[in-house]
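Colleague: I am new to this structure and would like a close look at a single part of it, the second largest pocket. Could you set out what surrounds that pocket, and place it within the chain as a whole?

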Amino acid sequence: MNHLHINSNKKWKYRFFILITGQSISVIGSTAVQFSVIWWLSTLTASPMVLAYAGLAAYVPQILLGPLSGVWIDRFDRKKVIILSDLFTGGVSTLFAILLLTAEPPIWVFYILLMMLRNGVISICALSMESTPSLIAM
C-alpha cells in the first residue's frame with residue numbers, strides 16, 4: 001500500500017504560521033484605521049455624502065484592483081512585495097496620524113489616503129493567498 005507523504009519538512013508550519021499571523025495583524029490594523037477614519041469623517045461632518053464618498057474611496061479600489069492584484073504580484077519578487085506593501089500601509093497609517101495631529105487638511109486628502117491604504121491591503125491579502133502554496137511546498 002502506498003502512503004502519501006506530503007512533506008517531511010516540518011519547518012513549513014512555522015513559516016506559514018509566522019507569515020499568516022503577521023499579515024493578519026497588518027490587515028486587521030489597516031482595516032481598523034480605515035474604518036476609524038471613515039467613522040471619524042462621518043461624525044465630524046454629519047454628512048451622509050461624506051460618509052458615502054469615504055466608503056467609496058475605501059472600497060472601490062478593492063473592486064477595481066482586487067482581481068488584477070494577483071497578476072501584478074506574480075511579476076515581482078514576493079518577499080520584496082510583502083515588505084514594501086507592509087511598509088506602504090504603515091506609512092499611510094502614520095501619515096493619517098501626523099495629519100490629524102498637526103494640521104486640518106481638507107476632506108479630499110483623507111479620500112486619497114483611504115484609497116492608498118486600501119491598495120496596500122489589497123496587495124497584502126493577495127500575497128497571503130499566493131504565498132501559502134510556496135511555503136507549504138518548501
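Modeller: Of the 138 residues of the chain, 34% count as buried, and this, like everything that follows, comes from a predicted model. The chain has 4 helices and 0 strands, so that, read from the N terminus on, its elements run α-α-α-α.

Turning to the part you asked about, the second largest pocket holds about 180 Å³ of space. Rolling a probe the size of a water molecule over the atoms shows where empty space is left. The lining of this pocket is made by Leu 65, Leu 68, Ser 69, Trp 72, Leu 84, Ser 85, Phe 88, Asn 119, Gly 120, Ile 122 and Ser 123. At least two of the lining residues are supplied by each of H2, helix H3 (78-102) and helix H4 (107-137). By character, the lining divides into 6 nonpolar residues, 5 polar ones and no charged ones.

One of the lining residues, Leu 65, also leads to the surface of the protein, where Leu 65 joins Met 49, Tyr 53, Leu 56, Val 60, Ile 63 and Leu 64 in a nonpolar patch of about 680 Å². Within that patch, Met 49 belongs to helix H2, which covers residues 48-74. Met 49 has a relative accessible area of 46% and is therefore partly exposed, because that class lies between the buried limit of under 20% and the exposed limit of over 50%.

Notes:
Residues are numbered from 1 along each chain as its sequence is written. This is a predicted model: local features need pLDDT of at least 70, side-chain atom pairs count only at pLDDT 80 or more; totals for chains, interfaces and linings use all residues. Side-chain values use heavy atoms; hydrogens and water are left out. Patches are made of residues with over 30% relative accessible area and no salt bridge: like charges are joined within 9 Å, nonpolar side chains (Val, Leu, Ile, Met, Phe, Trp, Tyr) within 5 Å. Accessible areas come from the Shrake-Rupley method with a 1.4 Å probe; for residues, only the protein chains shown count as cover. A salt bridge is a side-chain nitrogen of Lys or Arg within 4 Å of a carboxyl oxygen of Asp or Glu. Buried means under 20% relative accessible area, exposed over 50%, partly exposed in between (1.4 Å probe, protein chains only). On a 1 Å grid over the protein atoms alone, a cavity is a set of points where a 1.4 Å probe fits but cannot get out, and a pocket is an open set with protein on both sides within 12 Å along at least five of seven lines; lining residues have an atom within 4 Å of a point. Grid points are joined across faces, edges and corners, and a volume is the space filled by probe spheres set on the points. Ala, Val, Leu, Ile, Met, Phe, Trp, Tyr, Cys and Pro count as nonpolar, Asp, Glu, Lys and Arg as charged, and the others, Gly among them, as polar.
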